[in-house]
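I opened this notebook to record what I looked up in one structure. The entries follow the order in which I made the look-ups.

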Amino acid sequence: MRLDRWFKRRIPTLALSHLAKICRKGEVRLDGKRVETSARVAAGQKVRVPPLNVEAPKAPAVKRPEQAEADARAIRDMVLLDDRDLMVLNKPFGLAVQGGSGTKIHLDGMLQSLANARGERPVLVHRLDRDTSGVLLVAKTRKMAADLGEIFRSRAAKKIYWALVEGVPRPAQGRISLYLAKGEGMGDNRPPRGRHGMEARRDIEKMRVAKHGDEDAQHSVTYYAVVDKLAPRLAWLSMKPLTGRTHQLRAHAEAIGCPIVGDPKYGHGDEDRRRRADPNRNIPDGVENKLHLLARRLILPHPKGGALDVTAPLPPHMRKSWEMFGFDVNQRDPILDAPEE
């Protein structure tokens, strides 16, 4: 199995960002050699685990039967596709996928309500940000989760997102290629609430554009295409990420000067403030201040044969905006013509 999963099973409270850091420093060794978190651990190998200051895992909260049933019912209402091996859910806006500081309600916890008599429960295959809506893949067994994970790592899965962005990007179709690194307030360095003002927290808790060779810098690539527009104010973008970095599409949209409408972290620079103060370029009244980003479509080979191709509808706040501007969801998506690499 992957080294990060090996650690997660044995030390569940160890943050993956901290594991990545101690791997980079060479404190974790596999058969005496430096190793990355994505390395595979085989039976008989020796893993060096350095001294770690981690909290003991808390006993899982036992949900009341009525709460478990409510969770199961809520998940069933999200289902776009369900077979014996996997489910595809339509994650709503505002629902966290996994728990974190101060997050008590999240999809990963809700999936416990679908555990079978042996305690086996569905497993998340990938992630979406809390405020991103749309297609989310869940495996019904760990074996299926591993098989699907390999498909994602091989980039055989095609993901298409829709976004409403401020301004109209030029050219109308293009490729965004940037190195991104986590801000100083992300991961293990996340500051306690109240230590910084809202502006300061927003700046340090977002991905930043980096240079090749910078510490933590990871290459990221996204293709985009304008589907429709309300020039010069807004554009409907279809986006196809080839890599899966944290906040990738949100950071890329900001980098080309067209931040996603309703993004609480990205798109709050001086130029963005000037644009919003211009009555000819600002966001029209009636657009809800919610992140307008949808994981629209997921296409990938099914591990048991055939292909999986699932599309999510617009969430209510995006549907309201599409109807306001007369955007037709049935028109052909030009991102389908984008290269696969």
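The entries below concern a predicted model.

**Entry 1: the enclosed space**

I began with empty space inside the protein. Searching the whole structure, I found one cavity of 30 Å³ or more. For the largest cavity I noted a volume of about 60 Å³.

I then listed the residues around the largest cavity: His126, Leu128, Val135, Lys159, Ile160, Tyr161, Ala295, Arg296, Arg297 and Leu298. Which element supplies the largest share of this lining? I found that strand 13 does, with four residues. Strand 8, residues 158-166, and strand 13 each give at least two residues to the lining.

I also sorted the lining of the largest cavity by class. Six of its residues are nonpolar, three are charged and one is polar.

**Entry 2: Arg297**

From the cavity lining I picked out Arg297. I located Arg297 in strand 13, which spans residues 293-301.

Is Arg297 buried, partly exposed or exposed? I recorded Arg297 as partly exposed, because its relative accessible area is 25%, and the partly exposed class lies between 20% and 50%.

I next looked up the contacts of Arg297. Setting aside residues up to four places away in sequence, Arg297 touches Val135, Lys158, Lys159, Ile160, Asp309, Val310, Thr311 and Leu336. With Asp309 there is a polar contact between side chains, at 2.7 Å. Val135 is 162 residues from Arg297 in sequence, yet their C-alpha atoms are 6.5 Å apart in space. Val135 also appears with Arg297 in the lining of the largest cavity.

**Entry 3: Thr132**

I turned to Thr132, which I found in the loop between strand 6 (123-124) and strand 7 (133-139). Is this loop residue, Thr132, buried or exposed? I entered Thr132 as buried, because its relative accessible area is 3%, and under 20% counts as buried.

Leaving out neighbours within four places in sequence, I listed Lys91, Pro92, Tyr161, Leu291, Leu293 and Ala295 as the contacts of Thr132. Tyr161 and Ala295 are also among the residues lining the largest cavity.

**Entry 4: nonpolar cores**

I looked up the largest nonpolar core and found 38 residues in it. The residues with the most contacts inside this core are Leu137, Leu148, Leu300 and Trp322. Helix 5, residues 142-153, contributes the largest share of this core, with five residues. Another core, of 29 residues, lies apart from it; Ile75, Leu95, Ala235 and Ala253 are among its members.

I then followed Leu137 outward. Not counting residues up to four places away in sequence, Leu137 touches Leu86, Met87, Val88, Leu124, Val125, His126, Leu148, Phe152, Leu298, Leu300 and Leu308. Among these contacts, I noted Leu148 and Leu300 again from the list of most-connected core residues. I also noted that His126 and Leu298 belong to the lining of the largest cavity.

**Entry 5: an open pocket**

I moved on to the second largest pocket, for which I recorded a volume of about 220 Å³. Its lining consists of Glu166, Gly167, Val168, Arg170, Ala231, Pro232, Gly257, Cys258, Glu271, Asp272, Arg275 and Arg281. Helix 8, residues 270-277, gives the most to this lining, with three residues. By class I counted six charged, four nonpolar and two polar residues around the second largest pocket.

**Entry 6: cis peptide bonds**

Where do cis peptide bonds involve residues of this lining? I found a cis bond from Arg170 to Pro171, with omega near 0°. Pro171 sits in the loop between strand 8 and strand 9 (173-181).

I found a cis bond between Ala231 and Pro232 as well, with omega about 0°. Pro232 is in the loop between strand 11 (218-230) and strand 12 (234-241). Arg170, Ala231 and Pro232 are all in the lining of the second largest pocket.

**Entry 7: positive phi**

Lastly I looked up backbone angles. Asp31 is not a glycine, and I recorded its phi as positive, near 50°. Asp31 lies in the loop between strand 1 (29-30) and strand 2 (33-34). I entered Asp31 as partly exposed, with a relative accessible area of 44%.

Arg155, likewise not a glycine, has a positive phi of about 65°. I placed Arg155 in the loop between helix 5 and strand 8. Arg155 counts as exposed because its relative accessibility is 53%, and the cut-off for exposed is over 50%.

Methods. Residues are numbered from 1 along each chain as its sequence is written. This is a predicted model: local features need pLDDT of at least 70, side-chain atom pairs count only at pLDDT 80 or more; totals for chains, interfaces and linings use all residues. Side-chain values use heavy atoms; hydrogens and water are left out. Buried means under 20% relative accessible area, exposed over 50%, partly exposed in between (1.4 Å probe, protein chains only). Contact means heavy atoms within 4.5 Å. A polar contact is a pair of N or O atoms within 3.5 Å; within protein, one must be able to donate a hydrogen and the other to accept it, and residues adjacent in sequence count only if both atoms are side-chain atoms. On a 1 Å grid over the protein atoms alone, a cavity is a set of points where a 1.4 Å probe fits but cannot get out, and a pocket is an open set with protein on both sides within 12 Å along at least five of seven lines; lining residues have an atom within 4 Å of a point. Grid points are joined across faces, edges and corners, and a volume is the space filled by probe spheres set on the points. Ala, Val, Leu, Ile, Met, Phe, Trp, Tyr, Cys and Pro count as nonpolar, Asp, Glu, Lys and Arg as charged, and the others, Gly among them, as polar. A nonpolar core is a set of buried Ala, Val, Leu, Ile, Met, Phe, Trp, Tyr and Cys residues joined through side-chain atoms within 4.5 Å.
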